[in-house]
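Please look through the sequence and the model shown below before reading on. The paragraphs that follow lead from the overall plan of the chain to individual side chains.

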Amino acid sequence: MSNSIRLPVRERAPMKRAFLFLLGAVAVVALLSLLPLPFERRTHVVSVVTLRAPPQAVYDYATTPANWPTWHPASLSVQGTTDHPLKVGEEVAEEFRLAGRHGILHWKVVEAKPPFEWRIEGEVNRRPSGEVRYTLTPDGTGTRFERDFMYRTPNLLFLILDPLFIGPRMRAESAQGAKQLEQVFETLAPGMPSARSSASSGSSGSSRSAPETAASAAQGQ
């Protein structure tokens with residue numbers, strides 16, 4: 001009978017403990033990345049465009065929620081009071097897809113000074129998410145339109161991804177929205193009075209107001 005040699009079996013417990021420790025560390029980091037930040041971080045995305053229309057026409061068009069999906073790529077649909085320029089206190093719900101994120105934003109108008117300033121604040125899942133401010137300035141025969149979109153950073157994961165993926169996509173989509181809004185008013189321009197002519201025609205009462213002209217042109221009248 002031959003003698004057999006048994007090789008020592010390596011202890012697997014240390015390897016198993018190391019794996020469990022690593023798994024636990026990853027879980028903790030993932031959990032911490034989703035917790036709210038201990039400080040508030042706001043980011044502004046500003047887009048500016050000069051439109052061939054008087055401020056009142058631009059204001060009325062841009063503050064009417066039914067028009068948002070026409071010119072802004074992030075806006076998919078809007079529900080609620082959507083058929084007129086919103087006043088302070090009015091609310092709408094907007095379905096959006098922004099920087100790859102899909103959801104519902106609940107907007108409320110908190111400031112309205114037609115035809116020069118307008119601001120709304122938004123919530124997602126009853127948490128403050130951001131705000132949009134319009135500032136309109138007469139510019140020659142047209143209007144300088146500034147859209148300032150401010151969004152909050154909800155957690156550490158968002159803070160890490162923002163400069164790499166989220167921020168650049170938001171800026172690109174805002175720039176696209178400004179370009180598409182410019183194209184809308186390029187289409188409406190032939191039937192719309194200029195900023196100067198609208199003021200003189202308004203005093204004589206011989207022509208329709210700028211908002212009526214914009215609405216008629218948009219409907220193909």
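**A guided reading of the model**

Arg-52 is exposed, with a relative accessible area of 51%, and this residue will return below as one half of a salt bridge. The model is a predicted one, and it is best to begin with its overall plan.

The chain contains six helices and seven strands. Read from the N terminus, the elements follow the order α-β-α-α-β-β-β-β-β-β-α-α-α. Of the 221 residues in the chain, 38% are buried. The accessible surface amounts to about 13,600 Å², and carbon and sulfur atoms contribute 57% of that area. Among contacts with a separation of 6 or more, 50% join residues that are 24 or more positions apart.

The strands deserve attention next. Strands of a sheet pair through backbone hydrogen bonds, either parallel or antiparallel. Here seven strands form an open sheet in the order E1-E7-E6-E5-E4-E3-E2, and the pairing is antiparallel. E1 and strand E2 (75-80) stand at the edges with a single partner strand each, so one side of each has no neighbour in the sheet. From one strand to the next, the twist averages 25°. Within this sheet, strand E3 (residues 91-98) pairs with E4 in the antiparallel sense over eight bridges. One can follow this pairing at the level of residues: Phe-96 has Gly-103 in E4 as its bridge partner.

Which helices pack on the sheet? H2 is one of them, and it touches E1, E4, strand E5 (117-124), E6 and strand E7 (142-152). The direction of H2 makes about 160° with that of E6. H4 also packs on the sheet, where it touches E1, E3 and E7, and its direction makes about 15° with that of E1.

Is helix H2 mostly covered or mostly uncovered? Helix H2, which spans residues 55-62, is mostly covered, since seven of its eight residues are buried. These buried residues are Pro-55, Ala-57, Val-58, Tyr-59, Asp-60, Tyr-61 and Ala-62.

A residue of the sheet can be examined in the same manner. Ser-129 lies in strand E6. With a relative accessible area of 19%, Ser-129 is buried, because the limit for a buried residue is under 20%. Beyond its neighbours within four places in sequence, Ser-129 is in contact with Leu-105, Gly-122, Glu-123, Val-124, Met-150, Tyr-151 and Arg-152.

The charged side chains come next. Side chains of opposite charge can pair when their charged atoms come close. How many salt bridges are counted in the model? The count comes to eight. In one of them, Glu-186 pairs with Arg-52, and the closest N and O atoms are 3.0 Å apart. Glu-186 belongs to helix H4 (residues 156-188), whereas Arg-52 is in the loop between strand E1 (42-51) and H2, so the pair ties together parts that are 134 residues apart in sequence. Glu-186 is partly exposed at 36% relative accessibility, while Arg-52 is exposed at 51%.

A further salt bridge joins Glu-111 and Arg-133, with the closest N and O atoms 3.5 Å apart. This pair links distant parts of the chain: Glu-111 is in strand E4 (residues 101-113) and Arg-133 is in strand E6 (residues 127-139), 22 residues apart. Glu-111 is buried, with 14% relative accessible area, whereas Arg-133 is partly exposed at 26%. Both residues also take part in a network of salt bridges that links Glu-111, Lys-113, Arg-119, Glu-121, Glu-131 and Arg-133.

Helix H4 supplies an example within a single element. Glu-182 and Lys-179 form a salt bridge in which the closest N and O atoms are 3.6 Å apart. The two residues are three places apart in helix H4, so about one helical turn separates them. Both are partly exposed: Glu-182 has 24% relative accessibility, and Lys-179 has 47%.

Finally, the surface also has a nonpolar patch of about 400 Å², made by Leu-156, Ile-160, Leu-164 and Phe-165. Leu-156 lies in helix H4 and, at 35% relative accessibility, is partly exposed.

Conventions
Residues numbered from 1 in each chain as written. Predicted model: local features only at pLDDT ≥ 70, side-chain atom pairs only at ≥ 80, totals over all residues. Heavy atoms only, no water. Helix = DSSP H or I, 4+ residues; strand = E, 2+ residues; numbered from the N terminus. Buried < 20%, exposed > 50% of the residue type's maximum accessible area, 1.4 Å probe, protein only. Contact = heavy atoms within 4.5 Å. Areas by Shrake-Rupley, 256 points an atom, 1.4 Å probe, with all protein chains shown as cover. Salt bridge = Lys/Arg side-chain N within 4 Å of Asp/Glu carboxyl O. Patch = residues over 30% accessible without salt bridge, like charges linked within 9 Å, V, L, I, M, F, W, Y side chains within 5 Å. Pairing = 2+ DSSP bridges. Axes fitted to C-alpha atoms, helices over the stretch in contact; angles between N-to-C directions.
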